[in-house]
Amino acid sequence: MSQEKLPAIGFFEKYLTVWVALCMVVGILIGKYLAFIPDFLSRFEYANVSIPVAILIWVMIYPMMMKVDFQSIKNIKNNPKGLYITWVTNWLIKPFTMYGIAAFFFYVVFESVIPAHLAKDYLAGAVLLGAAPCTAMVFVWSHLTKGDPAYTIVQVATNDLIILIAFTPIVAFLLGVSGVSVPWETLMLSVILFVVIPLTAGIMTRLSVIKNRGEEYFNESFLPKFNNITVAGLLLTLIIIFSFQGKVILENPLHIFLIAIPLTIQTFLIFFIAYLAAKMLKLPHNVAAPAGMIGASNFFELSVAVAIALFGTSSPVALATIVGVLVEVPVMLMLVKIANNTTGWFEHNA
């Protein structure tokens, strides 16, 4: 398999936190002064899913799914230890540490600041983030840490397959423990809408374009065409969501900061669990770094989509998942710097 040239972090991605903050301001202003816009958009729903938001989320996720090369799975045998770390960290550790850390902060540390009913909703949003490890931006984080591109692709491919199987039961279990009632049918519909359909479309597009124009054209010319579309879809989605969330945010502005605290702690914890496990298993740095990055970052597009499908665009659950978008880039860039400054830990493993 050819090793894809992974792009460095782009201008929009690098300053994603700034754009999200701007979207929050614009969305809140729309919700407060142009309330007829969210009122109009709220009419277009099916099975509690906002049709405009669903379309924008497909615009976001579809290009990401085209990047996944499932043919790379045949290379699993080349570095199984790194994949074992990824799988164990992402699916046997991360969802449960996220639940534990978030519950501790929302119910204990912030008990006097966050009302119980909001704490439960924020915890549900954190659970959705914790159960969805990164499948797209990890390509960028891997590149910035000089990670092995072929290994990263196998990581992402296998991770997407596991999401299809594990995401629904883990989320249902943890939300059930949290006291949040989740209809299985709605949760499974969300996975079908926002994982299965775009993933299938992405695979078919990838195979068709490569068959007709070649892999080099696909990677160098076809995929870049979707970069701005993806960012535009994300930003428009956030503006719509924040327009629905305006009242909650204006009534609880401090909550944005409070939600970010456990999410940030969880990100650092998961990174070091995987990163140090790779060091103990004597894996090279170009495998250890992406192994830490994929678990530390989140598939926030999926988390936001499922939060909206399950609880609605105006729910505090959706707000909590959006805070994940807000903190993701600056925190991950800090972890990139840490990984690049600790390459010496792995010199003897090269």
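Two residues are said to be in contact here when heavy atoms of theirs lie within 4.5 Å. With that meaning in hand, we can begin at one residue of this predicted model, Val-327, which, once its neighbours within four places in sequence are left aside, is in contact with Ala-260, Leu-263 and Thr-264. Val-327 has its place in helix 15, which covers residues 316-341, while the C-alpha atom of Ile-259, a residue 68 places away along the chain, is separated from the C-alpha atom of Val-327 by 10.0 Å. Is Val-327 buried or exposed? Its relative accessible area is 15%, and because buried means under 20%, Val-327 counts as buried.

From this one residue we can step back to the whole protein, whose secondary structure comes to 15 helices and two strands. Of its 350 residues, 57% are buried, and the area that the protein does expose, about 14600 Å², is supplied to 68% by carbon and sulfur atoms. If we look at contacts between residues at least 6 apart in sequence, we find that 86% of them join residues at least 24 apart.

A good place to study how helices meet is helix 5, which runs over residues 80-109, and its partners include helix 6, made of residues 116-130. The axes of helix 5 and helix 6 come within 9 Å and cross at roughly 160 degrees. Because angles over 145 degrees count as roughly antiparallel, helix 5 and helix 6 are roughly antiparallel to each other, and the crossing in which helix 5 passes helix 6 is right-handed. On the side of helix 5, the residues that meet helix 6 are Lys-94, Pro-95, Met-98, Tyr-99, Ala-102, Ala-103, Phe-106 and Tyr-107, and among those they meet in helix 6 are Ala-119, Tyr-122, Leu-123, Ala-126 and Val-127. When the residues of this contact between helix 5 and helix 6 are sorted by class, 14 are nonpolar, one is polar and two are charged.

Helix 5 also meets helix 13, which consists of residues 285-296. How do the axes of helix 5 and helix 13 cross? They come within 9 Å and cross at roughly 20 degrees, and since angles under 35 degrees count as roughly parallel, helix 5 is roughly parallel to helix 13. The crossing of helix 5 with helix 13 is right-handed. In helix 5, Gly-82, Thr-86, Asn-90 and Lys-94 take part, and they meet Val-287, Ala-291, Ile-294, Gly-295 and Ala-296 in helix 13. The classes in the contact of helix 5 with helix 13 are four nonpolar, four polar and one charged. Lys-94 is worth finding in the structure, since this residue of helix 5 is listed in the contact with helix 6 and also in the contact with helix 13.

Let us turn now from the helices to the loops that link them, beginning with the loop between helix 7 (138-144) and helix 8 (149-177), where Lys-146 is found. Thr-145 has its place in the loop between helix 7 and helix 8 as well. Which of the two is buried, and which is exposed? At 1% relative accessibility, Thr-145 counts as buried, whereas Lys-146, at 68%, counts as exposed. Apart from neighbours within four places in sequence, Thr-145 is in contact with His-285, Ala-289, Met-293, Val-336, Ala-339 and Asn-340. For Ala-339, which lies 194 residues from Thr-145 along the chain, the separation between the two C-alpha atoms is 6.6 Å.

Lys-146 has a further feature, a positive phi of about 60 degrees although it is not a glycine. Lys-282, which is not a glycine either, likewise has a positive phi of about 60 degrees, and this residue is found in the loop between helix 12 (254-280) and helix 13. With a relative accessible area of 54%, Lys-282 is exposed.

The last loop on our way is the one between helix 14 (300-311) and helix 15, which holds Gly-312. Gly-312 is buried, with a relative accessible area of 18%, and, leaving aside its neighbours within four places in sequence, it is in contact with Ala-307 and Ala-318. The C-alpha atoms of Gly-312 and Glu-45 are separated by 9.8 Å, although these two residues are 267 residues apart along the chain.

Methods
Residues are numbered from 1 along each chain as its sequence is written. This is a predicted model: local features need pLDDT of at least 70, side-chain atom pairs count only at pLDDT 80 or more; totals for chains, interfaces and linings use all residues. Side-chain values use heavy atoms; hydrogens and water are left out. Axes are lines fitted to C-alpha atoms, for helices over the stretch in contact, and angles run from 0 to 180 degrees between N-to-C directions. Helices (H or I, at least four residues) and strands (E, at least two) are DSSP runs, numbered from the N terminus. Angles under 35 degrees count as roughly parallel, over 145 as roughly antiparallel, 65 to 115 as roughly perpendicular and the rest as oblique. A crossing is left-handed if the near helix is turned anticlockwise from the far one by less than a right angle, and right-handed if clockwise. Ala, Val, Leu, Ile, Met, Phe, Trp, Tyr, Cys and Pro count as nonpolar, Asp, Glu, Lys and Arg as charged, and the others, Gly among them, as polar. Buried means under 20% relative accessible area, exposed over 50%, partly exposed in between (1.4 Å probe, protein chains only). Accessible areas come from the Shrake-Rupley method with a 1.4 Å probe; for residues, only the protein chains shown count as cover.
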